[in-house]
Amino acid sequence: MFQLLLSIYTACPVYPWLGGVWSWEAVVVKSSVFARSGSSAELSCSYSTHAAQGFTLEWRYAAPGSPAFQAKRVLYYNGHLYWVDSWESRMALVQNPPTSGVASVKILSVQPSDAGLYICDVTNPNDWSGSGQGLVNLTVLVPPSVPDCQLSGSTYMGNDVTLTCKSSQGVPAPIYSWSREKGAAPLPPTSMVEDQRSGSLMLTNLTAAFTGTYTCRASNDLGEAACNGDTAAVVGGVLMGVFLVVLLIMAVVIYLCCCYRKRAHQHTEKNELRWV
Ligand SMILES: *[C@@H]1O[C@H](CO)[C@@H](O)[C@H](O)[C@H]1NC(C)=O
Ligand SMILES: *[C@@H]1O[C@H](CO)[C@@H](O)[C@H](O)[C@H]1NC(C)=O
């Protein structure tokens with residue numbers, strides 16, 4: 001009974017959710033690895049079996065979103081070392097040959113596309129209990145890219161518009177914050193709704209006070225970037241709105257004047273006729 005409990009315990013994962021160590025029979029990996037884009041990353045994997053005749057080590061990789069069983073072979077060792085595709089120039093064994101308990105590999109310069117699941121698979125036919133595999137989840141940290149900022153809606157007085165801001169890259173997901181230029185007229189707080197996760201800023205019931213430059217800043221732990229596009233459209237648009245209203249009023253005034261004159265003219269003509 002005691003032995004049974006003990007073997008269940010050793011087969012249990014040890015705090016994988018803390019990015020700690022996953023103990024799977026004989027193979028032990030660091031289950032969560034975080035690396036900055038451009039730096040090196042060690043995918044740690046060790047085993048306790050004594051490598052003998054028939055010993056193999058295999059590393060496999062599955063891109064984020066694809067299941068572990070679809071993982072593609074990256075390297076294979078069976079006394080000889082075989083690399084698949086371009087991995088040889090990008091990855092190195094920490095201990096070569098990997099026969100004394102360390103199966104770890106190092107990615108030399110991590111790219112965002114290297115993120116995903118890596119499987120360290122040790123097979124030792126002389127000791128099946130010492131065979132097993134461990135899963136390593138590599139997260140590549142990337143500073144936010146310069147966000148793309150856009151305006152949707154027409155910037156006429158009384159209208160609502162939405163400004164959107166989105167970085168195509170950034171891990172962890174960036175937080176977005178919108179700001180106006182220094183010294184800008186304060187806006188009624190209820191007329192601005194900002195969502196820092198999605199990057200949207202909704203401006204409601206536009207007035208001339210909204211005229212100005214709006215800048216969005218995307219930030220995460222690794223850095224920040226701002227959209228250089230000041231939303232000139234808000235400036236131009238609100239002014240254009242005012243301008244159009246003025247034009248419209250002028251047009252109406254001119255039209256009314258003309259009609260009045262025409263009618264007055266017709267009226268006098270009639271009068272004249274009457275007098276002829
Ligand atoms: C890997 O880690 C990332 C970031 O912590 C997480 O979002 C993702 O769900 C993990 N993937 C797996 C397969 O555990
Ligand atoms: C829009 O703003 C104008 C002027 O500030 C105000 O009179 C009007 O009530 C506002 N409309 C709405 C729907 O908030």
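Are R90 and D114 buried or exposed? Both are buried. This comes from a predicted model, and the pair is a good way into the structure.

R90 and D114 form a salt bridge. Their closest N and O atoms lie 2.3 Å apart. The two residues come from distant parts of the chain. R90 belongs to helix α2, which covers residues 87-90. D114 sits in the loop between β10 (105-107) and β11 (116-123). Along the chain, 24 residues separate R90 from D114.

Next comes the sheet. General background helps here. Strands of a sheet pair through backbone hydrogen bonds, and the pairing is either parallel or antiparallel. In this model, 6 strands form an open sheet. Their order is β3-β12-β11-β6-β7-β8. The pairing is mixed. At the edges stand β3 (32-36) and β8 (81-83), and each of these pairs on one side only. Neighbouring strands of the sheet are turned against each other by 20° on average, with direction ignored.

One pairing can be followed in detail. Strand β12 spans residues 132-141 and pairs with β11. The sense is antiparallel, over 7 bridges. Within this part of the sheet, L117 stands opposite N137 in β12.

Now look at β6 and β7, which are listed side by side in the sheet order. A salt bridge links R73 with E58. Here the closest N and O atoms are 2.8 Å apart. R73 lies in strand β7 (residues 72-77), while E58 lies in strand β6 (residues 56-62). The pair links distant parts of the chain, with the two positions 15 residues apart.

How do the partners differ in exposure? E58 has a relative accessible area of 11%, so E58 is buried. R73 has a relative accessibility of 44%, so R73 counts as partly exposed.

E58 and R73 also belong to a wider group. Salt bridges that share partners join E58, R60, R73 and D121 into one network.

A further salt bridge joins E224 to R217. Their closest N and O atoms are 3.0 Å apart. R217 counts as partly exposed because its relative accessibility is 37%.

How many salt bridges does the model hold? The count comes to 5. Among them are R90 with D114, R73 with E58 and E224 with R217.

Definitions and conventions: Residues numbered from 1 in each chain as written. Chains lettered and ligands numbered in written order. Predicted model: local features only at pLDDT ≥ 70, side-chain atom pairs only at ≥ 80, totals over all residues. Heavy atoms only, no water. Salt bridge = Lys/Arg side-chain N within 4 Å of Asp/Glu carboxyl O. Helix = DSSP H or I, 4+ residues; strand = E, 2+ residues; numbered from the N terminus. Buried < 20%, exposed > 50% of the residue type's maximum accessible area, 1.4 Å probe, protein only. Pairing = 2+ DSSP bridges. Axes fitted to C-alpha atoms, helices over the stretch in contact; angles between N-to-C directions.
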